[in-house]
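Colleague: Could we go through this model together before the meeting? I should like to start with the strands and then turn to the side chains.

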Amino acid sequence: LDPSAAPTSAAPRRTMAAAGQNLAVVVHRAGDLRLENRPIPEPGPNEVLLRMHSVGICGSDVHYWQHGRIGDFVVKDPMVLGHEASGTVLKVGAGVTHLKPGDRVAIEPGVPREMDEFCKAGRYNLSPTIFFCATPPDDGNLCRYYKHSASYCYRLPDNVTFEEGALIEPLSVGIHACKRAGVTLGSKVFVSGSGPIGLVNVLVAKMMGAAAVVITGGPWRSLSWHPSGSTSSPWLPTASPWKRLWRLLRPPEGVRG
């Protein structure tokens with residue numbers, strides 16, 4: 001990219017930073033994405049300082065870059081992107097006992113700010129005052145160094161890579177969706193959309209015992225998975241996707257939906 005070019009939705013502005021600093025990906029407004037140096041934070045009580053390793057690019061990050069908002073969440077001040085992440089603990093703040101420097105962790109991006117009714121009910125993710133990485137006005141973690149609540153950093157087993165650790169957050173979306181949908185042994189599942197979230201829903205539905213999973217979208221027409229373990233195969237272009245979907249998902253004779 002040409003650093004002198006005017007920023008557009010397709011060409012983020014690049015601001016070069018000296019090596020060894022806290023380089024961060026910062027969105028200023030729609031179409032204005034910059035690389036900037038930020039101060040390296042110090043962890044406070046019950047916080048850890050992380051050296052980031054892997055950070056996924058979520059659709060929300062792209063929306064904030066290209067459109068400057070998602071619904072009522074509007075970028076009004078510069079904001080660091082990124083919330084699907086893993087890294088290594090560099091420092092621990094006072095009161096942190098379950099983590100130590102060198103630990104590899106995955107980050108849960110949502111941290112409640114207060115003990116409200118949602119937290120008391122075990123649904124802290126619904127708290128209207130929750131801190132959530134890369135949701136205005138809260139900074140994310142697409143940077144070199146980042147501090148986070150130690151209680152929302154989870155040690156990775158040795159057999160889980162940093163990249164896999166960063167995928168735990170989007171995987172949790174699939175788990176939540178399949179739980180809400182009541183997927184269980186023998187379920188027949190239809191997933192609309194074959195992006196990363198659609199694909200993790202397919203994986204989770206399969207692991208929860210779904211008898212058949214159909215997914216649509218992408219460069220192909222539609223793919224289906226069957227418990228035989230065979231590779232997904234595309235439907236024939238001449239077949240009606242909706243007719244085939246109905247044949248696959250329709251209830252048995254005598255059963256009403």
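**Strand pairing and side chains**

Modeller: To begin with one pairing, S54 has S86 in β7 as its bridge partner. Please keep in mind that this is a predicted model.

Colleague: How many bridges join β3 and β7, and in which sense do they pair?

Modeller: Strand β3 covers residues 47–56, and it pairs with β7 (residues 84–92) over 8 bridges in the antiparallel sense.

Colleague: And how many bridges join β3 to β11?

Modeller: There are 5 bridges between β3 and β11, and these strands run antiparallel. Within that pairing, V48 has H148 in β11 as its bridge partner.

Colleague: Staying with β3, is L49 buried or exposed?

Modeller: L49 has 3% relative accessibility, so it counts as buried; the cut-off for buried is under 20%.

Colleague: What is L49 in contact with, beyond its neighbours within four places in sequence?

Modeller: Its contacts include I40, P41 and P43, then T88, V89, L90 and K91, and also Y145, Y146 and K147. For K91, the C-alpha to C-alpha distance from L49 is 5.1 Å, although the two residues are 42 apart in sequence.

Colleague: Let us change topic. What is the strand order in the open sheet of 3 strands?

Modeller: The order is β2-β1-β6, and the pairing is antiparallel. Its edge strands are β2 (32–38) and β6 (79–80), each of which pairs on one side only.

Colleague: Which helix packs on that sheet?

Modeller: Helix α1, residues 59–67, packs on it and touches β1, β2 and β6. The direction of α1 makes about 55 degrees with that of β1.

Colleague: How many bridges join β1 to β6?

Modeller: Strand β1 (residues 22–29) is joined to β6 by 2 bridges. In this region V26 stands opposite V80 in β6.

Colleague: Where does β14 lie, and how many of its residues are buried?

Modeller: β14 spans residues 212–216, and 5 of its 5 residues are buried. One side carries A212, V214 and T216 and the other V213 and I215, so both faces of the strand are covered.

Colleague: Does β14 run parallel or antiparallel to β13?

Modeller: The two run parallel, with 5 bridges joining β13 (residues 188–192) to β14. One bridge partnership there is that of V189 with V213.

Colleague: Now the rings. How many aromatic pairs does the structure hold?

Modeller: It holds 1 aromatic pair. The ring centres of Y124 and Y152 are 5.8 Å apart and the planes stand at 75 degrees, so this pair is edge-to-face.

Colleague: Why does the pair tie together separate parts of the chain?

Modeller: Y124 is in the loop between α2 (117–120) and β10 (131–132), whereas Y152 is in the loop between β11 (145–149) and β12 (153–155), so the pair ties together parts that are 28 residues apart in sequence.

Colleague: Are these two tyrosines buried or partly exposed?

Modeller: Y124 counts as partly exposed, at 26% relative accessibility, whereas Y152 counts as buried, at 15%.

Colleague: Which residue lies over the face of F162?

Modeller: That is R104, at 4.6 Å from the ring centre.

Colleague: Finally, what can be said of the chain overall?

Modeller: The chain has 6 helices and 16 strands, and 40% of its 257 residues are buried. It exposes about 14800 Å², of which carbon and sulfur atoms supply 59%. Of the contacts between residues at least 6 apart in sequence, 60% join residues at least 24 apart.

Conventions:
Residues numbered from 1 in each chain as written. Predicted model: local features only at pLDDT ≥ 70, side-chain atom pairs only at ≥ 80, totals over all residues. Heavy atoms only, no water. Phe/Tyr/Trp six-rings, centres within 6.5 Å; stacked < 30°, edge-to-face > 60°. Helix = DSSP H or I, 4+ residues; strand = E, 2+ residues; numbered from the N terminus. Buried < 20%, exposed > 50% of the residue type's maximum accessible area, 1.4 Å probe, protein only. Lys NZ or Arg CZ within 6 Å of the ring centre and 35° of its normal. Pairing = 2+ DSSP bridges. Contact = heavy atoms within 4.5 Å. Axes fitted to C-alpha atoms, helices over the stretch in contact; angles between N-to-C directions. Areas by Shrake-Rupley, 256 points an atom, 1.4 Å probe, with all protein chains shown as cover.
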